[in-house]
Amino acid sequence: MLKKPEHIGIAVKNLENSNALFTKLFGKSFYKIEPVESEHVSTSFFMLGDTKIELLEASDPNSAIAKFIEKKGEGIHHIAFDVEDIYAEMKRLQEEGFELIHREPKKGADNKLICFLHPKSTNGVLIELCQEIKN
Ligand code: ZN
């Protein structure tokens with residue numbers, strides 16, 4: 001089962017400019033900036049109530065974010081949902097016929113294990129599953 005939407009990811013060309021823009025829009029600042037090596041992105045996070053907005057800037061021209069912006073321009077990139085057990089959800093969704101982009105969960109931003117579902121199996125919406133890593 002997917003729990004609540006954990007965050008919404010927005011692809012941006014320039015993280016610094018967009019941090020300033022969204023700080024103005026939300027009336028509050030981001031609480032962290034974090035590079036994610038596995039995805040070749042720099043991210044920033046804003047907390048709004050109990051959900052978050054993640055801004056993503058490509059740190060490498062081969063990053064999925066760079067390709068997304070090239071094709072579609074800046075904008076909403078993905079919606080992430082909290083899950084209790086990412087391995088169990090990946091198995092369940094695969095059995096339901098959804099296409100997973102990765103076979104194994106990856107280490108994402110904000111202390112999470114993550115996995116993406118291919119948008120062609122979800123009506124064009126890129127869905128991220130994320131599970132908090134418990135230390
Ligand atoms: Zn995300």
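A residue counts as buried when its relative accessible area is under 20%. Phe45 has a relative accessibility of 1%, so Phe45 counts as buried. With that idea in hand, welcome to a short tour of this structure, which is a predicted model.

**Starting from Phe45**

Phe45 sits in strand β3. Eleven residues further along the chain comes Leu56, and the C-alpha atoms of Phe45 and Leu56 are separated by 9.2 Å. Strand β3 covers residues 41–48 and will come up again with the largest pocket, since β3 supplies at least two residues of that pocket's lining.

**The zinc site**

Which residues coordinate the zinc ion? There are two histidines, His7 and His78, each through its NE2 atom, and two glutamates, Glu54 and Glu128, each through an OE atom. The distances run from 2.1 to 2.2 Å. Along the chain, these donors follow the spacing H-x46-E-x23-H-x49-E. The two glutamates link distant parts of the chain: Glu54 belongs to strand β4 (residues 51–58) and Glu128 to strand β8 (residues 127–132), 74 residues apart. Both Glu54 and Glu128 are buried.

What about the geometry? The angles among the four donor atoms range from 82 to 171°, and the site of the zinc ion is irregular. To count as tetrahedral, four donors would need all angles between 85 and 135 degrees.

Strand β8 holds another glutamate, Glu132. Glu132 has a relative accessible area of 41%, so Glu132 is partly exposed. Between Glu132 and Glu54, which are 78 residues apart along the chain, the C-alpha separation is 16 Å.

**The largest pocket**

Rolling a probe the size of a water molecule over the atoms shows where empty space is left. The largest pocket in this model has a volume of about 650 Å³. Its lining consists of 35 residues, and those closest to the centre are Ala64, His77, Ile101, Phe116 and Leu126.

Which elements supply at least two residues each to this lining? They are β1 (5–11), β3, β4, α2 (64–72), β5 (75–82), β6 (106–108) and β7 (112–117). Helix α2 gives the most, with six residues. By residue class, the lining divides into 16 nonpolar, nine polar and ten charged residues.

**The largest nonpolar core**

Ten residues make up the largest nonpolar core: Phe81, Val83, Ile86, Met90, Leu93, Leu100, Cys115, Leu117, Ile127 and Leu129. Two or more of these residues come from each of α3 (86–95), β7 and β8. The largest share, three residues, is the contribution of α3.

One core member, Cys115, also has a partner to look up in the 3D view. Glu104 and Cys115 are eleven residues apart in sequence, and their C-alpha atoms are 7.4 Å apart in space. Glu104 lies in the loop between α3 and β6. At 52% relative accessibility, Glu104 counts as exposed.

**Two loop residues with positive phi**

Is Asp110 buried or exposed? Its relative accessibility is 10%, so Asp110 counts as buried. Asp110 is found in the loop between β6 and β7, and has a positive phi of about 65° although Asp110 is not a glycine.

Asn123 is another residue that is not a glycine and yet has a positive phi, here about 55°. The loop between β7 and β8 is where Asn123 lies. At 80% relative accessibility, Asn123 counts as exposed.

**Leu15 and a side-by-side view**

Leu15 lies in helix α1, which covers residues 15–26. With a relative accessibility of 6%, Leu15 counts as buried. Gly75 is 60 residues away along the chain, and the C-alpha atoms of Leu15 and Gly75 are separated by 13 Å.

Here are the C-alpha separations from this tour, gathered for easy reference.

| Residue pair | Separation along the chain | C-alpha distance |
|---|---|---|
| Glu132 and Glu54 | 78 residues | 16 Å |
| Leu15 and Gly75 | 60 residues | 13 Å |
| Phe45 and Leu56 | eleven residues | 9.2 Å |
| Glu104 and Cys115 | eleven residues | 7.4 Å |

Conventions: Residues are numbered from 1 along each chain as its sequence is written. This is a predicted model: local features need pLDDT of at least 70, side-chain atom pairs count only at pLDDT 80 or more; totals for chains, interfaces and linings use all residues. Side-chain values use heavy atoms; hydrogens and water are left out. Donors are N, O and S atoms within 2.8 Å of the metal (3.2 Å for Na, K and Ca); water is not among the atoms, so sites may look incomplete. Four donors count as tetrahedral if all angles lie between 85 and 135 degrees; four count as square planar and six as octahedral if opposite donors are over 155 degrees apart and all others between 65 and 115; anything else is irregular. Helices (H or I, at least four residues) and strands (E, at least two) are DSSP runs, numbered from the N terminus. Buried means under 20% relative accessible area, exposed over 50%, partly exposed in between (1.4 Å probe, protein chains only). On a 1 Å grid over the protein atoms alone, a cavity is a set of points where a 1.4 Å probe fits but cannot get out, and a pocket is an open set with protein on both sides within 12 Å along at least five of seven lines; lining residues have an atom within 4 Å of a point. Grid points are joined across faces, edges and corners, and a volume is the space filled by probe spheres set on the points. Ala, Val, Leu, Ile, Met, Phe, Trp, Tyr, Cys and Pro count as nonpolar, Asp, Glu, Lys and Arg as charged, and the others, Gly among them, as polar. A nonpolar core is a set of buried Ala, Val, Leu, Ile, Met, Phe, Trp, Tyr and Cys residues joined through side-chain atoms within 4.5 Å.
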